[in-house]
Each structure stands twice: as structure tokens, then as C-alpha cells.
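Work through these exercises with the model open beside you. Try each task before you read its solution.

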Amino acid sequence: MCGIVGIACSEIENIGKMIRRCLERLEYRGYDSAGIAVIRDGSLIVRKGRGKIAELNRRLRFDEIYGRVGIGHTRWATHGKPSDENAHPHTDCRDTIAVVHNGIISNYLELRENLEARGHVFKSETDTEVIAHLVEENFKNVRDLFEAFRRSVEELCGTYAIGLISIYEPSKIFFARMTSPLIIGVGDGMNMIASDIPAVLEYTNRVIVLKDGELGYITPTEIYIEKDGKPVNWRERVRVISWSLDMASKGGYPHFMLKEIHEQPLALSNTLSGIEMENVRNICSLLAKADRIFITGAGTSYHAGLVCDYLLTELAGANVTTFIASEYRKYVNAINDSSVLIAISQSGETIDTLMAVRTFKERGCKVIAVSNVVDSTIPRESDMVIYTRAGPEIGVAATKTFTTQIMVLTILSITLAYMMERLREEEYKYLIRQLQELPSLTEKIIRMHEARCMILARYLKNRTNAFYLGRGLGVPIAMEGALKLKEIAYIHAEAYPAGESKHGPIALVERDFPVFFVVLDDYYVEAIVGNVMEMRARDAYTIALAPRKYVYKFAKLCDYVIDMPNVDYRVAPIPYIIPLQLVAYYTSVMRGLDPDKPRNLAKTVTVE
Ligand code: M6R
């Protein structure tokens with residue numbers, strides 16, 4: 001979490017404004033506070049405070065800061081509450097050094113005590129501030145700023161992406177990376193560092209993704225990277241990014257989330273056309289040999305994993321265990337070199353998923369990553385990778401990355417089933433054709449149902465609770481629908497297998513309690529009808545997402561029906577989540593909330 005940025009320009013520029021614009025593209029990583037530090041006329045200008053960037057810019061006038069070199073930060077609070085004092089950048093005792101940081105310095109208390117014993121005075125409760133004082137202290141001894149920075153980084157434990165500037169070397173930005181993501185943007189007459197690619201796209205599309213243990217500095221015209229004391233040849237690592245600035249902008253939509261919901265047809269078709277079948281077959285050969293397949297991810301990515309679990313188990317008869325990434329420890333003694341882990345993470349940086357990947361790899365397990373960000377940490381540390389091609393997702397709520405994850409995971413599952421001769425060729429080809437129809441089908445669903453989803457949102461906006469029930473593949477979709485409503489509309493929503501609702505949750509149901517039913521599989525229709533009746537008998541407000549062929553059936557029983565296309569249940573998770581995303585989006589907006597920046601959340605969770 002937290003986003004950092006640093007810009008080094010040859011000429012004096014409106015650098016405060018440049019940094020502010022970059023930070024706005026990183027705001028999805030945290031928005032508890034923000035700040036900027038710039039070197040001007042031999043001293044540091046630091047402006048920072050609690051709140052979101054736009055409001056801070058009005059109050060602190062970031063846009064009016066001129067200079068050549070500066071750093072910025074947008075924070076998701078870990079150590080120390082969101083406040084003006086705890087906002088980054090943090091400075092040393094004499095305001096000669098400013099630092100921004102994403103991650104957690106786990107030995108900060110010990111470092112802080114040592115530094116305080118040497119007379120350093122701290123202004124914040126953060127772990128980050130120790131970095132500024134540590135460099136100040138080391139600089140006193142070595143009188144070489146880079147050496148002081150290098151020595152300081154050696155003393156840090158934990159996770160970090162660091163940007164540091166100092167009046168002693170005013171044209172340089174020092175950086176270091178361990179676990180938390182950091183890239184360099186390679187420009188003309190300027191260079192940049194940032195937590196993520198969208199931050200630099202306005203200025204350059206050439207990037208270097210830094211690796212763990214690398215540190216160095218940039219100036220407007222120079223890049224120096226080293227690892228273990230040896231210079232790194234970075235030139236061969238410069239990648240040209242195909243994401244455009246437009247892709248990382250709202251493009252006329254009021255929110256990124258709505259834009260990203262609407263982008264799903266394109267994201268699905270790009271993902272489909274980008275899939276290399278040879279890679280899929282290689283991955284499936286590995287899966288076919290596995291004695292146990294583990295699947296992991298967090299939040300929405302975990303829900304995509306549950307869809308894959310269902311398909312691999314039902315279609316390929318695989319031995320699958322799916323777990324929430326942060327709970328990986330339970331399986332430590334169950335892993336061996338015949339196990340395979342599928343690690344799903346749109347950002348490729350989620351720390352819980354990364355820790356699971358590392359632990360499984362250490363025990364000889366092969367890892368297959370599914371990610372949307374090329375060269376991010378999880379794909380880099382995995383044995384094989386399959387990318388979704390959703391384009392940058394900025395809204396905190398995952399939408400297009402979820403449907404594209406399901407697209408690649410469905411292709412993996414049906415290809416494995418086909419290779420294991422559990423799916424006949426005609427059946428396999430039929431399912432591929434069904435998947436190929438999804439881009440146009442999802443486009444139709446958005447066009448036909450957006451208005452109906454708004455009507456439903458009008459009902460939901462005044463409710464405090466909701467249930468999402470499904471059976472079979474409808475369960476992970478119900479879970480994802482409930483997560484969307486919870487995280488952006490702040491309405492308490494729970495998902496259950498519909499059969500389970502009778503074993504406790506139904507006690508909560510009273511008049512007008514909203515209950516969604518995800519009906520995507522013929523096999524479960526009658527059972528779900530029974531569950532609808534049970535909820536109706538308790539005066540619940542029942543809403544069904546049902547295939548057209550059953551619409552009349554459900555229309556007679558339910559208060560509200562969204563008629564879905566008659567697609568095969570094995571590809572239905574993709575179209576079925578779309579109305580639930582739209583309902584959550586409009587409910588959030590009608591409650592006066594900002595769906596792109598839900599409270600207490602950050603897009604990429606890089607702390608355990
Ligand atoms: O980048 P990842 O896919 O690893 O992120 C995992 C979760 O943090 C993420 O899906 C989160 O649950 C979303 N905010 C849900 O909308």
C-alpha cells in the first residue's frame with residue numbers, strides 16, 4: 001500500500017504539479033494522507049497533510065512548487081494514525097533529507113531507540129522516519145551521501161520501496177527496493193521512480209521494474225542501479241509499455257470503476273486473443289502431473305480461484321485445495337515437489353499471495369502465476385505465468401481483472417480436462433466458442449441492464465444488510481457480488497451457498513431484507529426455487545439473476561429479476577458478475593460515496 005513517486009528534471013519545472021498528477025494516479029494505493037518534498041535554492045520545501053490529494057492541493061498548493069527534483073507520497077496508514085505529522089515525506093533533524101517509503105520497517109523501534117540515544121528527535125510515530133535519521137547519522141560519519149544511504153539500507157529489516165532526496169546532492173533521488181514494488185521511468189532529460197506504471201505514463205512509457213535488493217539513484221540524465229555492491233546493467237531491462245495514458249484516465253466516465261466495468265468486453269477479447277495456447281498446454285502438462293493442485297489469492301482473486309477450483313474438480317477430476325493467501329501456513333506440511341500452486345493476483349504484488357508463493361516454492365512446489373501486471377513480483381518469482389490483458393485497473397474494486405482472471409482460468413481448466421480425456425473434443429470446442437462469445441455478450445448485458453441495476457440500487461441504498469446466495473459456480477459469484485457491495489457501498493453483505501442459508505443466516509431475515517439469488521446452472525434451479533420460497537415466507541426482498549429460459553419462473557416468485565443470457569453454466573461466472581458490479585457501483589454513488597476510493601482500503605495490499 002502507499003504510493004511513492006520521485007521526479008528528477010534538467011530544468012526548473014512546475015514539479016509540485018507534476019508530482020501531484022503522478023500521485024493522483026497512485027491514489028488507489030492509499031489516500032489517508034499525502035505530501036511532496038522538493039529541493040529549491042539549497043533547501044527542502046515539504047508540504048504534507050491528512051486527506052486526499054485534491055483537497056490537500058487546494059489547502060497546501062502543491063501545484064505552486066517549482067524545482068528540479070522532488071518526491072511525493074500517498075499513504076495508507078500502518079504505523080501511526082492518519083495525521084499531518086505522520087504524512088510522508090519525513091525529514092531528518094535538520095531538514096536536510098526527505099524520504100518517502102512504502103512497506104514496513106520491522107526493526108524500526110530498535111533503530112529509533114538507538115538514534116534517539118544519539119540525540120535524534122523524531123516528529124512522527126511512523127517507521128519511515130527512522131530512514132531519514134539513519135541516513136543523517138551515517139552521513140555524519142562517511143560524508144558521502146550514497147554510501148550513507150547504502151549503509152542505512154543495509155540496517156533495515158522488513159519491506160520497502162524508498163525514495164530519498166537531500167540538499168547535499170540536489171540533483172539525485174536515491175532509491176531502494178525490498179518486496180514493495182518500485183519502477184524507474186526512463187524519460188528524456190528527466191527520470192522518475194514510482195510504485196507503479198500508471199504514475200509515470202504521462203511522461204514516459206519506458207520503464208525498468210526494479211528487483212528485490214536493488215538500490216541506486218537517478219538524476220535527470222543518469223540511472224545507476226546496483227545489487228550486492230555490483231552495478232547492474234539496466235539498459236537491457238528497459239521495457240516499452242503498451243498501456244496508454246488514456247487507459248489510465250477516466251476517459252469521460254465519472255469514476256474509474258464505471259469505466260472499468262464498461263471496458264470488460266474489450267478486456268475479455270484482448271485476454272482471449274493474447275492467450276498463447278502453447279503456454280496453456282505447458283501449464284496443463286504440469287497440472288496433469290500434480291498430485292495436488294493448490295490455488296490461492298486474496299479478495300477478488302481468491303473468488304476467481306474458487307471458480308477455477310470448481311471447474312478443475314468437476315471437469316478434470318483434479319485434487320484441488322483453494323485457500324485464502326494469508327492462511328497459507330496450514331498447508332506447509334502438505335506441500336511436496338509433486339504439488340503445484342496457482343497464485344492469482346491482478347497486481348502481482350499482494351504480500352499475502354507473495355508469501356504463499358515463496359513458502360510453497362521453498363518446499364519444492366511449482367508455481368503458476370495469473371496476473372495482470374507484466375514483470376510484477378509474483379509472476380517474476382513463479383515458474384510459469386499466464387497474463388490477463390485487462391489494461392490498468394485503477395478503481396480499488398476489482399472488476400475487469402476478475403472477469404479476465406476467470407477467462408484464463410476457465411481456459412486452463414477446460415484444456416486440462418480435454419488433455420486428460422475427460423472432456424470430448426466437441427465439448428471442448430463448444431466451450432471455447434462459448435468463451436469467444438463472451439465479449440459481445442457482456443457488452444449486451446451492460447447495455448441492457450445498466451438502467452435496471454440503477455433501479456435496484458435505489459432500493460438497496462437505504463438498506464443496511466444483504467444476502468447473496470448461489471449454488472455451484474454461483475457461490476463464488478455470490479461472494480464476489482457481496483464483496484463489491486460491502487467494499488464500495490458500505491452495506492453489510494454476506495454470501496452463502498444457498499443451502500447453507502437455512503443453517504443460521506436466515507435468522508437475520510426480516511421484512512424487506514434484500515436477498516440476491518445467483519441462478520446459473522440448470523442443475524440447481526429447483527433447489528434455488530425452494531430457497532427463494534423460504535426467503536419470501538420471511539418477507540425478504542428477493543432478487544434473482546436467472547437465465548432467460550427461467551425468467552418467467554423467477555419473475556413469478558421474486559420481487560426483482562435480472563434476465564441473463566442462456567449460456568453454459570461453465571462460462572456463466574463472467575456474465576453473471578457484471579450486473580452485481582453495476583448494482584454495487586450505483587448503490588455506492590447513490591449513497592454519496594466515492595466507489596474508486598473506499599474508506600480504509602488500498603488497491604494493492606503490500607503489508608501482511
Ligand atoms: O492484486 P490482487 O489481485 O492480489 O489483490 C487482491 C485483493 O486485494 C483485491 O482483489 C481486493 O479484494 C479488491 N479490492 C476487491 O475488489
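Two strands pair if DSSP finds at least two bridges between them. Keep that cut-off in mind for the first exercise. The model is predicted.

**Exercise 1.** Decide in which sense strand 16 and strand 17 run, and find how many bridges join them.

Solution.
- Step 1. Locate strand 16 at residues 292–297. Strand 17 covers 320–324.
- Step 2. Count the bridges: five join strand 16 to strand 17. The cut-off is at least two.
- Step 3. Read the direction. The two strands run parallel.
- Step 4. Check one pair: glycine 297 has isoleucine 324 in strand 17 as its bridge partner.

**Exercise 2.** Place these strands in their sheet, and name the edge strands.

Solution.
- Step 1. The strand order is 17-16-18-19-20, in an open sheet of five strands with parallel pairing.
- Step 2. Strand 17 and strand 20 (384–387) are the edge strands, each pairing on one side only.
- Step 3. From one strand to the next, the twist averages 20 degrees.
- Step 4. Add the helices. Helix 8 (residues 277–289) packs on this sheet and touches strands 16, 18, 19 and 20. Helix 10 (residues 351–362) also packs on the sheet, and its direction makes about 165 degrees with that of strand 18.

**Exercise 3.** Explain why strand 22 and strand 25 each have one side without a neighbour in their sheet.

Solution.
- Step 1. Write the order of this open, five-stranded sheet: 22-21-23-24-25, with parallel pairing.
- Step 2. Strand 22 (492–497) and strand 25 (560–564) stand at the edges with a single partner strand each, so one side of each lacks a neighbour in the sheet.
- Step 3. Look inside the sheet. Strand 21 (residues 465–470) pairs with strand 23 (residues 514–518) in the parallel sense, over four bridges. Tyrosine 468 stands opposite phenylalanine 516 in strand 23.
- Step 4. Add a helix. Helix 16 (residues 525–537) packs on the sheet, and its direction makes about 175 degrees with that of strand 23.

**Exercise 4.** Describe how helix 3 and helix 4 cross.

Solution.
- Step 1. The axes of helix 3 (residues 108–117) and helix 4 (residues 129–142) come within 10 Å and cross at roughly 45 degrees.
- Step 2. That angle makes helix 3 oblique to helix 4.
- Step 3. The crossing of helix 3 past helix 4 is left-handed.
- Step 4. List the contact residues. Tyr108, Leu111, Arg112 and Leu115 in helix 3 meet Val130, His133, Leu134 and Glu137 in helix 4.
- Step 5. Sort the residues of this contact: five are nonpolar, one is polar and two are charged.

Conventions:
Residues numbered from 1 in each chain as written. Predicted model: local features only at pLDDT ≥ 70, side-chain atom pairs only at ≥ 80, totals over all residues. Heavy atoms only, no water. Contact = heavy atoms within 4.5 Å. Axes fitted to C-alpha atoms, helices over the stretch in contact; angles between N-to-C directions. Parallel < 35°, antiparallel > 145°, perpendicular 65-115°, else oblique. Left-handed = near helix turned anticlockwise from the far one by under 90°. Nonpolar A, V, L, I, M, F, W, Y, C, P; charged D, E, K, R; others polar.
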